[in-house]
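Trainee: I would like a close look at the enclosed space in this model. Please start there, and then go through the rest of what you would check.

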Amino acid sequence: MNDLWHPLLPVLLLPLLGSLVLALMGQRDKAPEVNALFCLLTFLGACDLTRQVIANGPSSAWDHSFFLDSLNVFLVSLTAFVALTTALFSRAYMRVERDHGRMTPNRLRLYHSMYQLFSFTMLVALTTNNMGILWVSMEAATLTTVLLVSLYRTPASLEAAWKYFILCGVGIAQALFGTVLLYMAAEKIIPPDGGALLWTQLNAVKGALDPDIMTLAFAFLFIGYGTKVGLVPLHNWLPDAHAEGPTPVSAVLSGLLLNVALYALLRCKILTDGALHSSLASQLLMGFGLLSVVTAAFFLSRQKDVKRLFAYSSIEHMGLITFAFGMGGAVANFAGLLHMTVHSLIKSSIFFAVGHATQRAGTQVMEDIRGLLQISPTLGWGLILGSFAILGMPPFGVFASEFLIVTTAMRDHAWATPFLLLALGVAFAAIFGRIQPMVFGSTTLPTLRHPPALIPVFVHLAAGLCLGLYIPPALEQWYQQSARLLGG
């Protein structure tokens, strides 16, 4: 599978081609359908790629520049799936924004082309075997999403985009320095022509890497990619970016970008664990993950903007996932991977419902959004079910993953259990207390003439429910293999 043709080729080529096509015609009436079509083709290619990797095992492509294994191949399919459903949601959403005068033809062209380019950068980051290309793709993702966050060109959106660019730019610069240090450690062992930045080569010799250099390298990599994950105290860009950008952008930021940044951090952790033979990397992940969970939970109760509310919820959940991977071991790693999957599905579905609700109410202030069940029963039920799911109510998948994380913490790190339980309780009270009147309150707004496009909402909720009741054998095998690879 090292020839020019590889099943990965269409997965990478289609979104890049889509970006070029939509840069030319992204303002036309059929552009949303074209955007969704490219996403559909990419998703089908990702499914075929996943099938082949499952059948044939790990593979590399194009002189080992790209590598696929159990840790990234299902994330590729998840990324392509969320990109597809978000593109379907954005068809109706962006047309309403255009009718309200918030989107001009040039902004629509920019949105559609950058959406495809963002998908391309995410897929490259997931599949590249080169730690340098990983850094480049993460930087490219920052640039594309800066343009998406600032799409409305309001003072608030421009401020949010600048904050995002500056904070993540500084963070990604730290990751670059960490990557340089990683190369310094590798060049002492791997010949110059042996691919000193290839992850597979580094993983093969990780036990011989200089521990002092690797300690410093991981510190910079953790700061850099941790900023993109949204870990406290590097999280300040995330609530503003979610609140001021278009809702489809909020969905892919929470559902895709945070996962990919954490994936990059996990690849670095595997190398660091092997080089140091200590728990330094795990302790950093546990400490900052727990800090993020607790801090975000208490910030939830202070929010008035519904998109900022769920942005802080994303910080909380990414902190919980990071904490799980920091604990390590088969169960905690399994739970972390499951939580990555269900969080992507549920959180993006919530943003879909929130997008329709805020468009209808004309505001994102929760006090001014009431009676969604009266306006549209499907919209109201979509939001309340999504909120229950993300809060960890059984039988949704979030409950299963959180149960595994908390019980593992009780067994191995009892000191952290009170903090986790307190944070989860505060988050439940904060979100449910704000969402309940939005859904069940009284309103004077008329009912919607046409039902909103909520199929993506319930598709995601159904997937999150199914993962709480039954995990398909192929997916379970991926979780188990990836958990063993992560070690700990």
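Mentor: The largest cavity holds about 80 Å³ of space, in a model that is predicted. Rolling a probe the size of a water molecule over the atoms shows where empty space is left. The residues that line this largest cavity are Phe 67, Asn 72, Ala 125, Thr 128, Asn 129, Met 131, Leu 134, Trp 199, Tyr 263 and Arg 267. Two elements, α5 (131–149) and α10 (247–276), give two or more residues to that lining. By class, the lining of the largest cavity consists of six nonpolar residues, three polar and one charged.

In total, the structure holds three cavities of 30 Å³ or more. The second largest has a volume of about 60 Å³. Around the second largest cavity stand Pro 15, Cys 39, Thr 42, Thr 79, Ala 80, Ala 83, Gln 116, Ser 119 and Leu 123. Here α2 (31–56), α3 (73–99) and α4 (105–127) each supply at least two lining residues. The lining of the second largest cavity has five nonpolar and four polar residues, and no charged ones.

Helix α4 also carries an aromatic pair, Tyr 111 with Tyr 115. These two tyrosines are four residues apart in α4, so about one helical turn separates them. Their ring centres are 5.9 Å apart and the planes make an angle of 45°, which puts the pair in the tilted class. The structure holds 19 aromatic pairs.

Next come the helix contacts. Helix α6 (residues 155–187) packs with helix α9 (residues 237–244) at an angle of about 145°, and the axes are 9 Å apart. The crossing of α6 and α9 is left-handed. From α6, the residues in this contact are Ala 156, Ser 157, Ala 160, Lys 163, Tyr 164, Leu 167 and Cys 168. They meet Trp 237, Asp 240, Ala 241 and Glu 244 of α9. Sorted by class, the contact of α6 with α9 has seven nonpolar residues, one polar and three charged.

Another packed pair is α13 (residues 330–361) with α15 (residues 377–390), at an angle of about 150° and with axes 9 Å apart. The crossing of α13 and α15 is left-handed. On the α13 side, His 343, Ile 346, Lys 347, Ile 350, Ala 353, Val 354, His 356 and Ala 357 take part. On the α15 side, the partners are Leu 379, Gly 382, Leu 383, Gly 386, Ser 387, Ala 389 and Ile 390. The contact of α13 with α15 has nine nonpolar residues, five polar and one charged.

The backbone is the last item. Most residues other than glycine have a negative phi, and most peptide bonds are trans. A cis peptide bond joins Val 232 to Pro 233, with omega about 10°. Pro 233 sits in the loop between α8 (211–229) and α9, and α9 is the helix that packs with α6. The bond from Pro 394 to Pro 395 is also cis, with omega near 10°. Pro 395 belongs to the loop between α15 and α16 (397–412), where α15 is the helix that packs with α13. Asp 63 is not a glycine, yet its phi is positive, at about 60°. The loop that holds Asp 63 runs between β1 (59–61) and β2 (66–68). Phe 67, listed above, lines the largest cavity.

Terms used: Residues are numbered from 1 along each chain as its sequence is written. This is a predicted model: local features need pLDDT of at least 70, side-chain atom pairs count only at pLDDT 80 or more; totals for chains, interfaces and linings use all residues. Side-chain values use heavy atoms; hydrogens and water are left out. Axes are lines fitted to C-alpha atoms, for helices over the stretch in contact, and angles run from 0 to 180 degrees between N-to-C directions. A crossing is left-handed if the near helix is turned anticlockwise from the far one by less than a right angle, and right-handed if clockwise. Contact means heavy atoms within 4.5 Å. Ala, Val, Leu, Ile, Met, Phe, Trp, Tyr, Cys and Pro count as nonpolar, Asp, Glu, Lys and Arg as charged, and the others, Gly among them, as polar. On a 1 Å grid over the protein atoms alone, a cavity is a set of points where a 1.4 Å probe fits but cannot get out, and a pocket is an open set with protein on both sides within 12 Å along at least five of seven lines; lining residues have an atom within 4 Å of a point. Grid points are joined across faces, edges and corners, and a volume is the space filled by probe spheres set on the points. Rings of Phe, Tyr and Trp (its six-membered ring) pair if their centres lie within 6.5 Å; planes under 30 degrees apart count as stacked, over 60 as edge-to-face and the rest as tilted.
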